[in-house]
Structures are given as C-alpha cells and as structure tokens.
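Subject: Structure handover

Dear colleague,

I am passing on the structure we talked about, so that you can have it open while you read. My notes on what was found follow directly below it.

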Amino acid sequence: MRRLRTDGPHVPRRFGGWLGLRGEAPQTDEAGHRHATWLELFLDLIFVYALAAVVGRLGDDPTPSPTAVLAVIGLFVVVQWAWMGQVYYDTRFDPDDALHRVLVLVALVGAGAMTLGVDEVPESVLLPVGYLIVRGVLLLLYLRARPTSPMARMVTTVYLIGFGSGWLIWLLSLAAPTELRPVLWVIAMVIELSTPWVGMRWLNRWPVDNRHLPERIGQFTIIVLGSALASLLFAVPDHPPPHMILTAAMAFLIPAAVWWVYTTFVTTRLTQSRLRGGQAYSYLHIPLGGALLLLGWALGQVVRLVDDNANRLPLELRLLLGAAMVIWTVCGLALYWLWTRPSATRLAIAAYGVVSVCLITTTVHQPRLMLSLLSLAVVGYAVLLSRRLARAGQEMKTPEG
C-alpha cells in the first residue's frame, strides 16, 4: 500500500537546511516497507513516561480501591489514545520534513504536560492542557494533509469532525468546575473513540499500512512491557538475599512469557492481510497495554510483600493480578480471531490460561506459593500457545493444492 507524502505548507528550505533537515520521506527497505523513524521512537519514549506516571498513581498500597483502579484505567486510555492518534497519521502519510518535526516536538511538550498532570487530576489543568496540545497538533497535521488527494480529503474529514468535536469538549472542561471535568472528559473520549467506527465506511477505503501499523503498535507494546518489568525490578530490595532473588526470578518469568507469546504472534504476521482500517487491531491493544502495566505493578507488590514476610496476599491484589492476566489472554485470543476462526486447540489453550490463572489467584493466598504456581501456569501457556502460533504461521505460508 502506498502512503501519501504531504505537500502542504513547509518550513522554508533555507531554514530546514540550517536545521539539517532534508524534507525527505522516511526511508524504506529493499521490499519497499517503511519502518519507524527516530522521531516516532522518541514519541514512544515520552508517552511511556506518561503511562508510567499513570500507574504510579496506585503507589505502594497493595489494596487499591476500585475508584483508584478505575481512575488509572481511564487515564491510561487517555494517554494511549493520544499516542495512537499520531501513529495513525504517520501510517497513512509520509511526512518527515522540518515543519512536521517541529509540530511533533510541540506535541511532545503536550505529552510532557500530561505526564506531570496525571497525578493531580482533576484539580490540575496540566492533563487537559497537555491533551489539547497533543490533539491540536494532530488536527493541524490532518489539515496540512487534507489537500494532498481526494482520498486524503475523505479520511481527514472524518477525523477532523470527530476529533475536533472531542477537542472542543476538552477545551470547555478548562472552564468547568473541578467535579464536572471528568464527566466532560468521558464524553469527549467517547466521541473520539467512536469516530473511527462511525467513519469506518470511509476509512476502510484507505487501509492502513499492514506492516507499519503492527510494527509501531508492537514496538510500543514491548516498551510498555519493559515499563511493567521496571515496576517489578524496583520492588526488589538492595542487596537482596537468595530467597528474594529467587522470588524476583519467578516473577520475571511472567512478563518474559508475555513477551515470548506476543513477539511470536507479531512475527508470524497472522493479521497482516486483515487490518483494513486497523480499528479492531489497535483498539484491542488498549486493554492489552493497560493489563501489562497493571500486571507489572501487581507483581511488584507481591515481591514487596514477600520481602516483608507477609503470610497472605490481599484479595484486592490477587484479583487485580488475575484480571490483568485474563485480559491479556482474552485480548490475545481476539487478535488471533482477526486472522482466522480459532480452532478447538486454540480455544482449549485460551481456556487453560484463563481457568488456571483464575483458580490460582483466587484460591492461593501465600505469596511465594501463588507466585510459583502462577509462573508455572503462565510459562506452560506460553509454550503451548507459541507452538500453536508457529504452526499456524507455517500453515499460512504453505501454498494450497
């Protein structure tokens, strides 16, 4: 699929040359596939800091309230959605000139404001101001791309109407009473999240790049997983005794298994030919990414409780840990479903993963025993599923007849 290069307003060539920017489209490989640019990877890094700040709201209390968990989930959706908007723009257009870089750097300032503001919502206006900057830049980018082709005009019209409406509501929230702001934010997010589905008829006429989008989302997912792993590692005390090293190693097996399964899925390219507008594929990564962050936080709390010689894990922590694992498993099954109807074997593997995690997290209270059993169950799930994914990938490559 060919992306369009924006030919809208540019920074003057003399200024671009002074900055060392040639105004060329991102480079492609020998097969003509465009890979992530350095600017895109920088964007990922800044937004991961924002996501880490979101999960940091839970603190070190192993018994978070449902309100606190819901607030973290809501903020995660806001930050993830702000990042995803830029990814969708980049996957349809090939801008890498001076003006584009300047605008994206402005958006990163907004992402920084969001990072600083997530711990103080709804009282502080840093979060909405940061979001307005990020999404305002995106709207400007779509306005810039609009004149490039009839197809671009059709696609940008959908986004400008839907995202522009949400942006105005976020703007109004700045003048609203503190207690009313979250309500307006929810309304704005519902409008924005529904825009690609409402406009699917038009957006699917210009399919997203079926290599670039999975690559970008996959890179971000691995970085999120790395952030989750950092939450686990920070829970390990300095100069840990042997039993704490063993505990951390068992806990590490869980995100390692998640990484193994996800990278196996991505490298088999099972969904490559069925992305269309990319709505289902990208939206499934929102709960998947949130589950990974909560998983890292929950594992960190388990490690801390082992270090404190706790005899029982709080019910809230066990439920959160189990929910994170189940959401990851279900999202993985749904991503697989985008490629083909799951076989009985695939469904049985998913059922094993869900049932084993639920049984372990709800019935086992002792921290080390629960962590040991959960690690074994998740590693077993990863082995079974990876073998199935590899076999499915080989079947897809084998010519029929």
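A residue is called buried here if its relative accessible area is under 20%, exposed if that value is over 50%, and partly exposed in between. By that cut-off W328 is buried, and Y381 is buried as well. Please keep in mind throughout that this is a predicted model.

First, the overall picture. The chain has 14 helices and 0 strands, and buried residues make up 52% of its 401 residues. Among the contacts with a separation of 6 or more, 81% are between residues that lie 24 or more positions apart.

Next, the aromatic residues. The structure holds 11 aromatic pairs, and one of them is formed by W197 and Y283, an edge-to-face pair with 5.4 Å from centre to centre and 85 degrees between the planes. Because W197 lies in helix α7 (residues 181-198) and Y283 in helix α11 (residues 279-307), this pair ties together parts that are 86 residues apart in sequence. The two partners can also be described by their accessibility: W197, at 39% relative accessibility, counts as partly exposed, whereas Y283, at 16%, counts as buried. A further pair is that of W328 and Y381, whose ring centres are 5.6 Å apart and whose planes stand at 75 degrees, so this pair is edge-to-face. Since W328 lies in helix α12 (residues 315-337) and Y381 in helix α14 (residues 367-397), the pair ties together parts that are 53 residues apart in sequence.

W197 and Y283 also belong to one aromatic cluster, which they form with W81, Y89, Y142, Y159 and F163. F163 has a charged neighbour, in that R135 lies over the face of the F163 ring, at 4.5 Å from the ring centre. Elsewhere, R346 lies over the face of Y336, at 5.1 Å from the ring centre.

Then there is the packing around helix α3 (residues 66-92), for which I noted two partners. The axes of α3 and α11 come within 10 Å and cross at roughly 135 degrees, and the two helices are therefore oblique to each other; the crossing in which α3 passes α11 is right-handed. On the α3 side of this contact are V72, F76, V77, Q80, W81, M84 and Y88, and the residues they meet in α11 include Y283, I286, G289, G290 and L293. With helix α6 (residues 150-173), α3 packs at an angle of about 155 degrees, with the axes 13 Å apart, which makes α3 roughly antiparallel to α6. Here α3 passes α6 in a left-handed crossing, and V78, W81, Y88 and R92 in α3 meet V155, Y159, F163 and W170 in α6. W81 and Y88 are thus among the α3 residues listed for the contact with α11 and are listed again for the contact with α6.

Finally, a residue in α11 that you may wish to look at is Q301. At 2% relative accessibility, Q301 counts as buried. Leaving aside residues up to four places away in sequence, Q301 touches G59, D60, D61, P62 and L317.

With best wishes

Key: Residues are numbered from 1 along each chain as its sequence is written. This is a predicted model: local features need pLDDT of at least 70, side-chain atom pairs count only at pLDDT 80 or more; totals for chains, interfaces and linings use all residues. Side-chain values use heavy atoms; hydrogens and water are left out. Rings of Phe, Tyr and Trp (its six-membered ring) pair if their centres lie within 6.5 Å; planes under 30 degrees apart count as stacked, over 60 as edge-to-face and the rest as tilted. Helices (H or I, at least four residues) and strands (E, at least two) are DSSP runs, numbered from the N terminus. Buried means under 20% relative accessible area, exposed over 50%, partly exposed in between (1.4 Å probe, protein chains only). A charge sits over a ring if NZ of Lys or CZ of Arg is within 6 Å of the ring centre and within 35 degrees of the ring normal. Axes are lines fitted to C-alpha atoms, for helices over the stretch in contact, and angles run from 0 to 180 degrees between N-to-C directions. Angles under 35 degrees count as roughly parallel, over 145 as roughly antiparallel, 65 to 115 as roughly perpendicular and the rest as oblique. A crossing is left-handed if the near helix is turned anticlockwise from the far one by less than a right angle, and right-handed if clockwise. Contact means heavy atoms within 4.5 Å.
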